[in-house]
Structures are given as C-alpha cells and as structure tokens.
Amino acid sequence: MRSILTCVMIAYASLATAHDAPSGWSYDPYCCNGNSHNGDCQMIPSKSVAVTPGGYRVTLMPGDHRLVTHAHVFLLPMTKAMQSGDNDYHLCLFPNEDTPRCFYAPEMGF
C-alpha cells in the first residue's frame, strides 16, 4: 500500500512542475499550465505595461501573448506582482484570456 501511495505522490508532483520562461527561470507551478510552447504563461512586451499609483495597467493586443485574441486592459495591484526572474514582464492567463492568474514584474529598485 505504501509503495502505491509513493508512486501516486511522485506522479502528482511531476505534473505540478512549472515550465520555464525563455531565459531559463521557472514560473511558479500554481501559475502555469502547459509548456513553453502552448502554456498560459509568457513574456509580454514592456510597452504594454504602465506603472500607475494603483499598480500596473497591462494593455494587451493580439500578438502580445499567445492566448490573446482581442484587446484587453488589466489593472493589477502592485501587491499581486511577483518578481520576474529576468527583468522582463510575464503574464499567465488562466482559465481563459480574460483572467490574469499571475503577473511577474521586474524589481522596481526603490
């Protein structure tokens, strides 16, 4: 019984691993679904992000993220941003393109 439980736990843990950003750091397992070719996490252009007093305004157009098919504007609080591993912006959209799950931003340097 113990060996069956161990095998199940190992299989589950392998499913929960995160995929890597293009520069090599890994997205958090909670944030990403899929892989680097079809997953919901992706680097987004820095021109699509504006820092505002309330946080970040992310404006995405088709082509800015593989899942985006029409224009989106997301207002994301500063406290919800996670630190990017490569000084670029990254966004994970799940379960659809209308729902930001995780947002990664470069360190602000304050």
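Student: In β3, which residue is the bridge partner of valine 49?

Tutor: Happy to help, and keep in mind that this is a predicted model. Strand β2 covers residues 49-52, and β2 is joined to β3 by 4 bridges, with the two running antiparallel. Looking across to β3, the partner of valine 49 is valine 58.

Student: What is the strand order in the open sheet of 3 strands?

Tutor: Good next step! The pairing in this open sheet is antiparallel. Strands β2 and β4 each pair on one side only, so they are the edge strands. From one strand to the next, the twist averages 20°. Reading across, the order is β2-β3-β4.

Student: Which side chain meets aspartate 64 in a salt bridge?

Tutor: Side chains of opposite charge can pair when their charged atoms come close. For a salt bridge, the nitrogen must lie within 4 Å of the carboxyl oxygen. Here the N to O distance is 3.9 Å, and the partner of aspartate 64 is lysine 47.

Student: How many residues apart in sequence are the parts that this pair ties together?

Tutor: Let's place each residue. Aspartate 64 sits in the loop between β3 (55-60) and β4 (72-77), while lysine 47 sits in the loop between β1 (41-44) and β2 (49-52). The pair therefore ties together parts whose separation in sequence is 17 residues.

Student: Is aspartate 64 buried or exposed?

Tutor: Compare the two partners. Lysine 47 has a relative accessible area of 69%, so lysine 47 is exposed. Buried means under 20%. Aspartate 64 has a relative accessibility of 10%, so aspartate 64 counts as buried.

Conventions
Residues are numbered from 1 along each chain as its sequence is written. This is a predicted model: local features need pLDDT of at least 70, side-chain atom pairs count only at pLDDT 80 or more; totals for chains, interfaces and linings use all residues. Side-chain values use heavy atoms; hydrogens and water are left out. Buried means under 20% relative accessible area, exposed over 50%, partly exposed in between (1.4 Å probe, protein chains only). Axes are lines fitted to C-alpha atoms, for helices over the stretch in contact, and angles run from 0 to 180 degrees between N-to-C directions.
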